[in-house]
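Student: I have a model in front of me and would like to understand the words people use to describe it. Could we go through them together?

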Amino acid sequence: MASVKYDYSEMIWNEIRDAAAQDRVALLPVATYEDHGPHLPVDVDVVLATEICRRAAARIPEEVVLAPPVTHGYSPHHMDFHGTITIRWDTFINYVRDVCSSLAYHGFKRILIINGHGSNTSPLDLAARLTVIDFEGKILCASANHWGLRQAREVGKALRDSDYGGTSHGGEYETSLYLALKPDLVEMDKAVDNRSPLPNSFKTDLLASGHPEGSDARMVPYWSSISPSGVMGDATKATKEKGEKFLEAAINGLIELIRELRQTPILERRVQHGDIPDTKWKMT
Ligand SMILES: [Zn+2]
């Protein structure tokens, strides 16, 4: 039996039509190119997001299609480090919104954005919400960070060797994952442990939620002002072995989330305004 196609870019248009009719989830990896310290290439976020999505889709091809990734994101605060490519926040939101809307127009009712770059989180939340509004609530569109997937968080917390703050940008988590995927490109002899100088409420850690002794506030200063190397975390604790386990957990967490989204009902709106011409009004 021929294997089920899941890679959108390799599918013929009528296969895409059929995949949408089968109510498969459209999976969209989104990332950015930016510095990740003196030991990692600039494609870390792209590689991690796309590989987690590709491997999850390959395991459940009849439930999902893998859309072509959006590889440029929002990262103006990283421009002090060479290599960063950033897209204006409104261009970025509208670009992802248009990609999601194209998928919805072709019949996909469940769209899942998987993000690999922290500062894309807020714009992608809006892109997903705007897509739902554009289609008047008749489709579902969600976004998630790959490090926020349930099993990634659980396994990550159990396996990490660094304390709070060790698994942020270019730290133990991302470096381990990259070691599992493209080990020849990692220069571990240059890995460093750089931590945020900010008070607890403004520190970040990918695998933990807020700092236990701080409030969950958000503030993003220029990256070069808080990290001399670009790293935020403890890259020296990264290993390929941990990366392989983190990767497996993220893939399993993503499969779980895809299945949750497939089971999510698309509920009817309860419009209170009757059948008046203005019911199509929306404030976006
Ligand atoms: Zn990153």
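**Zinc, sheet and core**

Tutor: Gladly! Start at the metal: along the chain, the donors of the zinc ion follow the spacing H-x8-D-x128-E. Keep in mind that this is a predicted model.

Student: How do you know which atoms are the donors of the zinc ion?

Tutor: A donor has to be an N, O or S atom within 2.8 Å of the metal. Here H36 (NE2), D45 (OD), E174 (OE) and E174 (OE) sit at 2.0 to 2.6 Å, so they meet that cut-off. Water is not among the atoms, so the site may look incomplete.

Student: What makes the arrangement around the zinc ion irregular?

Tutor: Four donors count as tetrahedral if all angles lie between 85 and 135 degrees. The 4 donor atoms here subtend angles of 51 to 138°, so the arrangement is irregular. For comparison, the ideal angle for four tetrahedral donors is 109.5 degrees.

Student: Are the donors H36 and D45 buried or exposed?

Tutor: Both H36 and D45 are buried. The word stands for under 20% relative accessible area.

Student: And what makes helix α6 "largely enclosed"?

Tutor: In α6 (residues 172–181), 10 of the 10 residues are buried, so the rest of the structure largely encloses this helix. Among those buried residues are Y173, E174 and L177. The elements covering them include α2 (44–59), α5 (150–159), β6 (233–234) and α8 (240–263).

Student: Why is the aromatic pair of Y173 and F246 called tilted?

Tutor: Planes under 30 degrees apart count as stacked, over 60 as edge-to-face and the rest as tilted. For Y173 and F246 there are 50° between the planes, and the pair is tilted. Their rings lie 4.8 Å apart, centre to centre, and the limit for a pair is 6.5 Å. Since Y173 belongs to helix α6 and F246 to helix α8, the pair ties together parts that are 73 residues apart in sequence. Y173 is buried, and F246 is too. The structure holds 1 aromatic pair.

Student: Now the sheet. What is the order of its strands, and which are the edge strands?

Tutor: The order is β2-β1-β3-β4, in an open sheet of 4 strands with parallel pairing. Its edge strands are β2 (64–66) and β4 (140–145), since each pairs on one side only. On average, neighbouring strands are turned by 25° against each other, direction ignored.

Student: How do you know that these strands really pair?

Tutor: Pairing asks for at least two bridges between two strands. β1 (residues 25–30) and β2 have 3 bridges, β1 and β3 are joined by 5, and β3 and β4 by 6. You can find some partners yourself: L27 stands opposite L66 in β2, L28 has I113 in β3 as its bridge partner, and I114 has A144 in β4.

Student: What makes both faces of β1 count as covered?

Tutor: On one side V25, L27 and P29 are buried, and on the other A26, L28 and V30 are buried. With 6 of the 6 residues buried, β1 is largely enclosed by the rest of the structure. Strand β3 (residues 110–115) also has 6 of 6 residues buried, so it too is largely enclosed. Its covered faces hold R110, L112 and I114 on one side, and I111, I113 and N115 on the other.

Student: Why does L124 count as buried?

Tutor: L124 has 1% relative accessibility, so it counts as buried; the cut-off is under 20%. It sits in helix α4 (residues 121–134). Leaving out residues up to four places away in sequence, L124 touches V30, F92, V96, I113, N115 and S143.

Student: What makes the phi of D23 worth a look?

Tutor: Most residues other than glycine have a negative phi. D23 is not a glycine, yet its phi is positive, about 60°. This residue lies in the loop between α1 (13–21) and β1. E136 also has a positive phi, about 55°, without being a glycine, and is found in the loop between α4 and β4.

Student: And why are D23 and E136 called partly exposed?

Tutor: Partly exposed falls between the buried limit of 20% and the exposed limit of 50%. D23 has a relative accessible area of 26%, so it is partly exposed. E136, with 23%, is therefore partly exposed as well.

How values were computed
Residues numbered from 1 in each chain as written. Predicted model: local features only at pLDDT ≥ 70, side-chain atom pairs only at ≥ 80, totals over all residues. Heavy atoms only, no water. Helix = DSSP H or I, 4+ residues; strand = E, 2+ residues; numbered from the N terminus. Axes fitted to C-alpha atoms, helices over the stretch in contact; angles between N-to-C directions. Donors = N, O, S within 2.8 Å, 3.2 Å for Na, K, Ca; no water. Tetrahedral: all angles 85-135°; square planar, octahedral: opposite > 155°, others 65-115°. Buried < 20%, exposed > 50% of the residue type's maximum accessible area, 1.4 Å probe, protein only. Contact = heavy atoms within 4.5 Å. Phe/Tyr/Trp six-rings, centres within 6.5 Å; stacked < 30°, edge-to-face > 60°.
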